[in-house]
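Welcome! Take a moment to turn the structure around on your screen, and then read on for a guided walk through it.

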Amino acid sequence: MTSEKFEEACKKVSEVTLETKLIYSNYYSDMTGGQIYLKPENMQFTGAYKVRGAYYKISTLKPEEREKGLITASAGNHAQGVAYAAKKFGAKAVIVMPTTTPLIKVNRTKGYGAEVVLCGNVYDEACEKAYELAEEHGYTFIHPFDDTDVAAGQGTIAMEIFKEQPMVDYILVPIGGGGLAAGVSTLAKILNPKIKVIGVEPAGAACMKESLKAGHVVELPSVSTIADGTAVKKPGEHIFHYVKENTDDIITVEDDELIGAFLDMVENHKMVVENSGLLTVCALRHLDLAGKKAVCVLSGGNMDVITMSSVVSQGLIFRDRIFTVSVLLPDKPGMLHRVSGVIADLLGNVIKLEHNQFVTTNRSAAVELRITLECFGTEHKKKIIDALDAEGYRPKLVRTTL
């Protein structure tokens with residue numbers, strides 16, 4: 001990938017991308033002591049950066065290659081990019097997606113006119129099927145990451161970052177198969193060799209970190225992460241060299257961190273960012289960025305409502321914003337009122353009650369009341385529990401289910 005290739009890609013990609021201006025984050029800047037900017041590719045027309053590489057790659061194909069029909073495998077974002085780009089060029093598109101792909105990504109891919117085939121539990125299994133179909137029908141395969149033209153298209157993000165913040169010290173990019181990291185890091189180093197480019201992977205799918213450690217591409221036996229867009233077992237062979245040469249470090253992030261980051265992004269920036277796109281903001285807690293200027297690439301925002309509701313619920317529980325407590329009290333009139341009064345005095349908000357009269361054979365001695373509460377966090381939760389204990393209710397924390 002050369003500077004000329006990136007210049008060509010930037011001109012071509014500008015035909016189909018929206019301008020995703022950097023957003024200064026007071027929240028993350030205060031947290032790190034640096035100047036933190038967000039590159040909101042979740043606001044792209046297709047909901048993710050992937051349209052960049054897909055469109056540029058398809059633009060480089062010969063007319064007869066496009067006329068054969070295009071095929072790819074994707075967990076969702078590249079799928080939409082290829083489907084959208086194929087429609088622009090008037091080409092047929094077939095997309096193989098894992099069966100675990102969120103419904104929103106499947107429906108939007110179909111909405112761009114593509115034929116969708118669901119196969120396998122992870123990207124790698126879907127990719128095998130896509131190669132089979134390409135061989136069977138003569139389709140032209142568009143790889144989601146292991147292609148230097150695709151990577152060059154993704155790398156146009158770096159050019160846009162430098163136009164707005166030419167003195168940036170760090171760029172953080174999520175890594176699945178490595179196409180985005182290869183493109184962004186290579187162009188960033190061309191523009192400023194001193195810049196630090198940090199790749200971020202989910203801990204349950206850290207194929208690039210393991211490959212860099214081994215010095216060559218390795219395949220993980222399995223992957224397990226809620227970051228479905230980066231759930232890749234094996235990084236790209238053709239782009240591995242670029243990632244190895246131009247990224248300065250790889251950080252891994254646990255799924256629990258992603259859950260908390262979703263709440264942070266919604267509450268502080270009013271944006272929906274999918275789990276893979278949140279990897280970079282999670283990595284901020286693992287770096288010393290005091291006095292530094294950093295840009296986090298938010299790679300996409302295609303998250304289905306069911307997943308979103310689950311992440312929000314779990315995030316509130318993890319951060320002690322919601323908890324469930326069990327108390328034992330005599331089965332007498334007015335007891336519920338007394339317990340709720342203790343909670344109300346401390347501004348706790350009851351969102352669910354479960355009354356079990358059969359916890360003991362002697363109902364007069366005790367019945368169980370399970371109370372699910374909303375509060376302001378760990379300190380507030382402790383105050384409520386201590387108050388219930390002081391009133392003699394012997395509160396016990398139990399697992400919260402919403």
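This report goes from the whole chain to a helix, some ring pairs, a surface patch and a histidine.

**The whole chain**

Keep in mind that what you see is a predicted model. The protein chain contains 16 helices and 14 strands. Its C-alpha atoms fill a box of roughly 85 × 50 × 40 Å along the principal axes. Of the 402 residues in the protein chain, 56% count as buried. The accessible surface of the chain is about 17,600 Å², and carbon and sulfur atoms account for 50% of that area. If you take the contacts with a separation of 6 or more, 73% of them are between residues 24 or more positions apart.

**A mostly covered helix**

Now find helix H5, which runs through residues 77-89. This helix has 13 residues and reaches 19 Å from its first C-alpha to its last, close to the 18 Å expected at 1.5 Å a residue. H5 is mostly covered, with ten of its 13 residues buried. Among them are Asn77, His78, Gln80, Val82 and Tyr84. What covers these buried residues? The cover includes helices H3 (51-60) and H6 (103-111), along with strands S3 (70-73) and S4 (93-97). After H5 comes Gly90, which has a positive phi, near 70°.

**Rings that pair up**

A pair of aromatic rings is described by the distance of the centres and the angle of the planes. This model has eight aromatic pairs. Two of them are set out here:

| Pair | Centre to centre | Angle between planes | Kind |
|---|---|---|---|
| Tyr84 and Tyr112 | 5.7 Å | 70° | edge-to-face |
| Tyr131 and Phe141 | 4.3 Å | 20° | stacked |

The pair of Tyr84 and Tyr112 links distant parts of the chain, since Tyr84 is in helix H5 while Tyr112 is in the loop between H6 and strand S5 (115-118), 28 residues apart. Both Tyr84 and Tyr112 are buried. Ring pairs also link these two tyrosines with Phe45 into a cluster.

Why is the pair of Tyr131 and Phe141 called stacked? Planes under 30 degrees apart count as stacked, and the planes of these two rings are at 20°, so the pair fits that description. This pair links distant parts of the chain too: Tyr131 belongs to helix H7 (residues 123-137) and Phe141 to strand S6 (residues 140-141), ten residues apart. Are these two rings' residues buried or exposed? Tyr131 is partly exposed, with a relative accessible area of 43%, whereas Phe141 is buried at 18%.

**A nonpolar patch on the surface**

Next, look for Leu336, Val350 and Leu353, which form a nonpolar patch on the surface. Together they have about 240 Å² of accessible area. Leu353 sits in strand S12 (residues 349-356). Its relative accessibility is 43%, so Leu353 counts as partly exposed.

**A buried histidine**

Finally, go to helix H16 (residues 378-390), where you will find His380. Why does His380 count as buried? The cut-off for buried is under 20% relative accessible area, and His380 has 10%, so it falls within that class. Leaving out residues up to four places away in sequence, His380 touches Leu346, Leu347, Gly348 and Cys375. Along the chain, His380 and Leu347 are 33 residues apart, yet their C-alpha atoms are separated by 9.1 Å.

How values were computed
Residues are numbered from 1 along each chain as its sequence is written. This is a predicted model: local features need pLDDT of at least 70, side-chain atom pairs count only at pLDDT 80 or more; totals for chains, interfaces and linings use all residues. Side-chain values use heavy atoms; hydrogens and water are left out. Helices (H or I, at least four residues) and strands (E, at least two) are DSSP runs, numbered from the N terminus. The expected span of a helix is 1.5 Å times one less than its number of residues. Buried means under 20% relative accessible area, exposed over 50%, partly exposed in between (1.4 Å probe, protein chains only). Contact means heavy atoms within 4.5 Å. Rings of Phe, Tyr and Trp (its six-membered ring) pair if their centres lie within 6.5 Å; planes under 30 degrees apart count as stacked, over 60 as edge-to-face and the rest as tilted. Patches are made of residues with over 30% relative accessible area and no salt bridge: like charges are joined within 9 Å, nonpolar side chains (Val, Leu, Ile, Met, Phe, Trp, Tyr) within 5 Å. Accessible areas come from the Shrake-Rupley method with a 1.4 Å probe; for residues, only the protein chains shown count as cover. A salt bridge is a side-chain nitrogen of Lys or Arg within 4 Å of a carboxyl oxygen of Asp or Glu.
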